[in-house]
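Visitor: Please walk me through this model, one short answer at a time.

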Amino acid sequence: MRGRRVLGCSSYHMIRPVCRSWERLRFLPQHISQAYSRAVELRHLRYFVAVAEMENVSRAATQKLHVAQPSLSRQIRDLEDEMGVQLLERTAKSVRLTDAGRAFLDEARAILKHADEAVLKARAVASAEPSELHVGHSTPFTEILPKILRAFQREMPNVHVKLHNWSYEAILDGVRDGRLQLALTARPPKASSLRDVRYEELFHERVCLAVALNHPFAGRRSVPLTDAVCEPFIGLTREGYPVYYDYLSAIFAPVKQKPRVVEEHDSYSGVLSAVEAGTGVAIGVDVFGYSFGNRVKLLHLTPEPKPIAFSIAARKEKLSLAAEKFWQCAREAASPSVK
């Protein structure tokens with residue numbers, strides 16, 4: 001990475017302030033630590049660690065470092081010549097660490113780690129990194145939100161995340177006016193809503209029907225749209241959640257009949273409480289089972305409506321380091337490979 005090379009140095013005096021583990025080098029054989037203090041650069045360490053981990057100069061050059069093999073070989077020889085010891089034993093197809101090489105590898109990794117940390121700290125200071133990150137979120141993120149927060153806290157322990165469980169419209173307004181740096185919410189059904197917002201889809205959820213545990217439908221595994229539309233519906237408030245009604249219309253478009261909403265609430269917690277009480281049924285998504293599964297029954301609809309996409313969003317501008325890291329943690333938490 002180009003940004004890392006600026007830390008490259010030609011003498012011990014340039015490396016020492018960056019590396020808190022320098023004192024540990026005194027435990028290396030004396031001929032290694034003395035040679036290391038003269039003219040070893042961070043570039044040499046990166047090359048050496050890459051070759052040691054790949055156990056092959058050619059693969060390290062092409063797959064990890066993206067440099068020419070002859071140049072990489074020459075840099076490793078220069079390192080060994082400067083230190084006065086052989087770090088690698090070479091065969092026709094691979095390389096192997098010598099005892100001196102193994103002793104040196106751990107310290108080289110530690111120095112590079114501290115150098116990378118120094119770069120991140122310097123960038124955070126230079127960009128006036130905020131100590132708080134305001135994130136709007138909706139109920140379907142309840143399951144993966146703890147995973148995102150745990151990962152983010154490990155990466156950015158000094159940045160505090162403040163969560164705001166607002167309606168879709170309030171979240172989008174908060175992103176646009178700067179009150180929120182990020183949003184975890186449903187992707188809007190209308191493309192025009194994306195004109196000034198950067199979105200990335202994280203996962204899709206199957207649309208389902210929520211009914212009370214003693215509802216006549218509760219014994220079924222699925223319900224036809226033609227049956228569901230005849231039931232009284234509990235919905236979100238039209239003033240706070242107009243997009244909800246866009247989804248509702250799209251879901252029941254195949255049956256040419258609109259559901260009859262008899263009661264409205266300003267949160268899904270209120271909606272599901274009314275469903276639990278037997279006031280009516282409601283449209284939800286599979287992930288509601290994580291929060292409400294012991295209170296209501298979630299049934300599949302047939303024909304199955306198009307899944308709803310849930311996304312992370314921000315204004316179309318350069319994100320802060322903390323916001324970028326949170327975005328990355330959200331992407332990884334939503335990955336199917338993460339359990």
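Visitor: How many of the five residues of strand S9 are buried?
Guide: This is a predicted model, where local features need pLDDT of at least 70, side-chain atom pairs count only at pLDDT 80 or more, and totals for chains, interfaces and linings use all residues. Residues are numbered from 1 along each chain as its sequence is written, and side-chain values use heavy atoms, with hydrogens and water left out. Buried means under 20% relative accessible area, exposed over 50%, and partly exposed in between (1.4 Å probe, protein chains only). S9 covers residues 232-236 and is largely enclosed by the rest of the structure, because the buried count is four of the five.

Visitor: In S10, which residue is the bridge partner of Gly 235?
Guide: Strands (E, at least two residues) and helices (H or I, at least four) are DSSP runs, numbered from the N terminus. Two strands pair if DSSP finds at least two bridges between them. S9 and S10 (residues 260-265) pair in the parallel sense over five bridges. For Gly 235, the partner in S10 is Glu 264.

Visitor: How is the whole protein built, and what share of its residues is buried?
Guide: The protein has 14 helices and 13 strands. Its chain counts 339 residues, and the buried share is 47%.

Visitor: Among contacts between residues at least 6 apart in sequence, what share joins residues at least 24 apart?
Guide: Contact means heavy atoms within 4.5 Å. With pairs at least 6 apart in sequence as the base, the share joining residues at least 24 apart is 73%.

Visitor: How many contacts does the stretch of residues 1-37 have beyond near neighbours in sequence?
Guide: pLDDT is the predictor's confidence in each residue, from 0 to 100. The protein has a mean of 83, and 84% of its residues reach 70 or more. Over residues 1-37 the pLDDT is below 50, and the contacts in the model beyond near neighbours number 64.

Visitor: Is Leu 272 buried or exposed, and which residues does it touch?
Guide: Leu 272 lies in helix H12 (residues 268-276). It counts as buried because its relative accessibility is 1%. Its C-alpha is separated by 8.9 Å from that of Ala 212, 60 residues apart along the chain. Leaving out residues up to four places away in sequence, Leu 272 touches Ala 210, Phe 288, Phe 292, Arg 295 and Val 296.

Visitor: Where is Thr 185, and which residues does it touch?
Guide: Thr 185 sits in strand S5. Its relative accessible area is 3%, so Thr 185 is buried. Not counting residues up to four places away in sequence, it touches Ser 138, Phe 141, Tyr 168, Ile 171, Phe 310 and Ser 311.

Visitor: What covers the buried residues of H14?
Guide: Helix H14 (residues 321-333) reaches 18 Å from its first C-alpha to its last, close to the 18 Å expected for its 13 residues. The expected span is 1.5 Å times one less than the number of residues. Its buried residues include Phe 326, Trp 327 and Cys 329. The cover includes S3, helix H8 (145-155), S4, strand S5 (182-186), strand S6 (197-205) and strand S13 (308-315).

Visitor: Why is H4 called largely enclosed, and which residue follows it?
Guide: Helix H4 (residues 42-54) has end C-alpha atoms 18 Å apart, which agrees with the expected span. It is largely enclosed by the rest of the structure because 10 of its 13 residues are buried. Those buried residues include Leu 42, Arg 46, Tyr 47 and Phe 48. H4 is followed by a residue whose phi is positive, near 55°: Glu 55.

Visitor: How many residues apart are Lys 162 and Glu 132?
Guide: A salt bridge is a side-chain nitrogen of Lys or Arg within 4 Å of a carboxyl oxygen of Asp or Glu. Lys 162 and Glu 132 form one, with the closest N and O atoms 3.4 Å apart. The pair links strand S4 (residues 160-165) to strand S3 (residues 132-137), distant parts of the chain, and the separation is 30 residues.

Visitor: How many salt bridges does a search of the whole structure find?
Guide: Arg 43 and Glu 41 meet in one at 2.6 Å, N to O. Glu 317 and Arg 315 form another, at 3.6 Å. Glu 53, Lys 64 and Arg 109 are joined into one network by salt bridges that share partners. The search of the whole structure finds 20.
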